[in-house]
Amino acid sequence: MDKVMLITGASRGIGAATAQLAARRGYAVCLNYRQRADAAEQLAQRIRQAGGRAITVAADVADEKQVAALFAAIDREFGRLDVLVNNAGMLERQMRLEEMDAARLQRVFATNVLGSFLCAREAIKRMSTAHGGRGGAIVNLSSVAARLGAPNEYIDYAAAKAAIDAMTIGLAKEVAAEGIRVNAVRPGVVYTD
């Protein structure tokens, strides 16, 4: 069987491009999305028409129960997981910190940080040799904002992506001996769509 890759937030942008490239390289792909079912299904159709294997699964990565259901769908459909791409992310309207309320901060950190932790946890349970897995890879999407701080715009998003950088370093050391490679990619400015 082909190797299996889960890409969170795969309905558009970096996630969609990653899915297309992975499928061309022989991966069966699980395209996770939160709202854009139409875009995710169109992408899956293009992959299938090109001879690849793709499924779409709706799940909000900030919701632990939905993450569990996402990974259960992968278990049922593919029976394995080789690569997790923690791509799902979000930001909100540009503003300075003194204008941000706690609800905004919770949304940004829930998707960008908690979601990556929850998905990595479930991936490790399937990939780690300590859990009977064959190893694998986790790729976390960071941002150049983690280094620059995004003043006057998105310091909440920048802080969330800095948390992803720290998570990547710690997790890489934590699971390296269990056959799992953990890396981060830090894109520059991307204008999705």
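## Exercises on a predicted model

**Exercise 1.** In this predicted model, determine which residues Leu 6 touches, not counting residues up to four places away in sequence.

*Solution.* Leaving out those sequence neighbours, the contacts of Leu 6 are Cys 30, Asn 32, Leu 70, Phe 71, Ile 74, Leu 81, Val 83, Leu 84 and Val 85.

**Exercise 2.** Describe the largest nonpolar core and state which elements contribute to it.

*Solution.* Begin with the residues: this core has 31 of them, and Leu 6, Cys 30, Phe 71, Ile 138 and Leu 171 have the most contacts inside it. Next, consider the elements that give two or more residues, among them the strands β1 (4-7) and β2 (28-33) and the helices α3 (64-77) and α6 (155-175). The greatest contribution, six residues, comes from α4. Finally, another core of 17 residues lies apart from this one and includes Ala 10, Ala 19, Val 85 and Leu 141.

**Exercise 3.** Examine the salt bridge between Arg 104 and Asp 156.

*Solution.* First, the closest N and O atoms of the pair are 2.7 Å apart. Second, Arg 104 belongs to helix α4 and Asp 156 to helix α6, so that the bridge links parts of the chain 52 residues apart. Third, both residues are buried.

**Exercise 4.** Classify Glu 122 and Lys 125 as buried or partly exposed, and place them in their network.

*Solution.* Buried means under 20% relative accessible area. Glu 122 has 8%, and therefore counts as buried. Lys 125, at 44%, is partly exposed. The two residues form a salt bridge, with closest N and O atoms 3.2 Å apart. Both lie in helix α4, three residues apart, about one turn of the helix. Salt bridges with shared partners join them with Glu 64, Asp 75, Arg 121 and Arg 126 in one network.

Key
Residues numbered from 1 in each chain as written. Predicted model: local features only at pLDDT ≥ 70, side-chain atom pairs only at ≥ 80, totals over all residues. Heavy atoms only, no water. Core = buried A, V, L, I, M, F, W, Y, C linked by side-chain atoms within 4.5 Å. Buried < 20%, exposed > 50% of the residue type's maximum accessible area, 1.4 Å probe, protein only. Helix = DSSP H or I, 4+ residues; strand = E, 2+ residues; numbered from the N terminus. Contact = heavy atoms within 4.5 Å. Salt bridge = Lys/Arg side-chain N within 4 Å of Asp/Glu carboxyl O.
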